[in-house]
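Take a moment to look over the sequence and the fold. Then follow the chain strand by strand.

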Amino acid sequence: MVAQTPASKDANLGRIVGHILLSPVTIDGAPHIAVLGLAPMAVQPEVQRQGIGTALVAASLERCRALGIQVVVVLGHPAYCPRFGFQPARRFGLSSDYDVPADAFMALELTPGALDSTTGVAHYHAAFRSL
Ligand SMILES: CC(C)(COP(=O)(O)OP(=O)(O)OC[C@H]1O[C@@H](n2cnc3c(N)ncnc32)[C@H](O)[C@@H]1OP(=O)(O)O)[C@@H](O)C(=O)NCCC(=O)NCCS
């Protein structure tokens, strides 16, 4: 998914100013839970802090809900992602297969209770890991 400024004759408008990607994630012992990992996302520096990142995340989560995704995880900024409802994944008993600070790995239950009886390591798809 990309964010684009409105089309116009102005060369600076109608260009891509941000992007977001989600890819499949599998939780050890819980292959039935539909999980996506949100990353990477970025907004062009000159247009940051204008709500584009928020719009990208909101649109992505809406699409995930429509597709029946139950959980979204993110390796992100602990000061940024909670505004979208992400919580430290360890609260759900989840850890990441990436060696990152625990606070940076967060999870959001789109289906409340989806992670209730689950603990384990969340594995990103091989295609994502090869990026
Ligand atoms: C993170 C990022 C996508 C946010 O995009 P954006 O369009 O500026 O986001 P928004 O305008 O919707 O939100 C801006 C808010 O996010 C906050 N924010 C941005 N980066 C942050 C960070 N690393 N930590 C904490 N807060 C952050 C800003 O302070 C601002 O807060 P405010 O609303 O209280 O003023 C953008 O800063 C970026 O591309 N950063 C570099 C790449 C990156 O870090 N990607 C995320 C990890 S994959």
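Which residue in S8 stands opposite Val25? The partner is Tyr124. Keep that pair in mind, and remember that this is a predicted model. We will come back to both residues.

Start with the overall plan. The protein has 2 helices and 8 strands. Read along the sequence, they follow the pattern β-β-β-α-β-β-β-β-β-α. The C-alpha trace spans about 55 × 30 × 30 Å along its principal axes. A compact globule of 131 residues would have a radius of gyration near 14 Å, and the protein has 16 Å, which agrees. Of the 131 residues, 28% are buried.

How far can the model be trusted? The mean pLDDT of the protein is 92. In addition, 93% of its residues reach 70 or more. Among the elements, strand S7, residues 105-109, has the highest mean pLDDT, 98. Strand S1, residues 2-4, has the lowest, 77. Where pLDDT is low, the predicted coordinates should not be read in detail.

Now see how the strands pair. S1 is joined to strand S2, residues 16-27, by 3 bridges. These two strands run antiparallel. One pair here is Val2 with its bridge partner His19 in S2. S2 also pairs with S3, through 7 bridges, and again the strands run antiparallel. In that pairing, Val25 has Val35 of S3 as its bridge partner. S2 has a further link, to strand S8, residues 120-124. There, 3 bridges join the antiparallel strands. So Val25 has partners in two strands: Val35 in S3 and Tyr124 in S8.S3 connects to strand S4, residues 71-75, as well. This time 4 bridges join the strands, and they run parallel. Within this pairing, Leu36 stands opposite Val72 in S4. S4 is mostly covered, with 4 of its 5 residues buried. In a regular strand the side chains alternate between the two faces of the sheet.

Return to Tyr124, in strand S8. Is Tyr124 buried or exposed? Tyr124 counts as buried, because it has 22 C-beta neighbours inside 10 Å. Leaving out residues up to four places away in sequence, Tyr124 touches Ser23, Val25, Gly37, Asp97 and Arg129. Look at Ser23 in that list. Tyr124 and Ser23 are 101 residues apart in sequence, but their C-alpha atoms are 7.5 Å apart in space. Contacts across long stretches of chain also show up in the totals. Among contacts between residues at least 6 apart in sequence, 58% join residues at least 24 apart.

Next, examine the backbone. Most residues other than glycine have a negative phi, and most peptide bonds are trans. Which peptide bond is cis, with omega near -10°? The bond runs from Ala39 to Pro40. Pro40 lies in strand S3. Then move on to Arg49, in the loop between S3 and H1. The phi of Arg49 is near 65°, a positive value in a residue other than glycine. Arg49 is exposed, because 9 other C-beta atoms lie within 10 Å.

Gln44 is also placed in the loop between S3 and H1. How many other C-beta atoms lie within 10 Å of Gln44? There are 14, so Gln44 is partly exposed. Gln44 touches Val17 and Gly18, again not counting residues up to four places away in sequence. Along the chain, Gln44 and Val17 are 27 residues apart. Their C-alpha atoms are separated by 5.3 Å.

Last comes the ligand. Around the ligand are 16 residues. Which of them come nearest? They are Val43, Gln48, Gly53, Thr54 and Ala79. The elements that give two or more residues to this shell are strand S3, residues 35-43, and helix H1, residues 52-67. S3 supplies the largest share, 5 residues. By class, the shell has 8 nonpolar, 7 polar and 1 charged residues.

Look once more at S3. This strand is joined to S2 by 7 bridges and to S4 by 4 bridges. S3 holds Pro40, and S3 gives 5 residues to the shell around the ligand.

Key. Residues numbered from 1 in each chain as written. Predicted model: local features only at pLDDT ≥ 70, side-chain atom pairs only at ≥ 80, totals over all residues. Near = placed C-beta within 6 Å. Nonpolar A, V, L, I, M, F, W, Y, C, P; charged D, E, K, R; others polar. Rg over C-alpha atoms; globule rule 2.2 N^0.38 Å. Buried ≥ 20, exposed ≤ 12 C-beta atoms within 10 Å, placed from the backbone. Contact = placed C-beta atoms within 7 Å. pLDDT = per-residue confidence, 0-100. Pairing = 2+ DSSP bridges.
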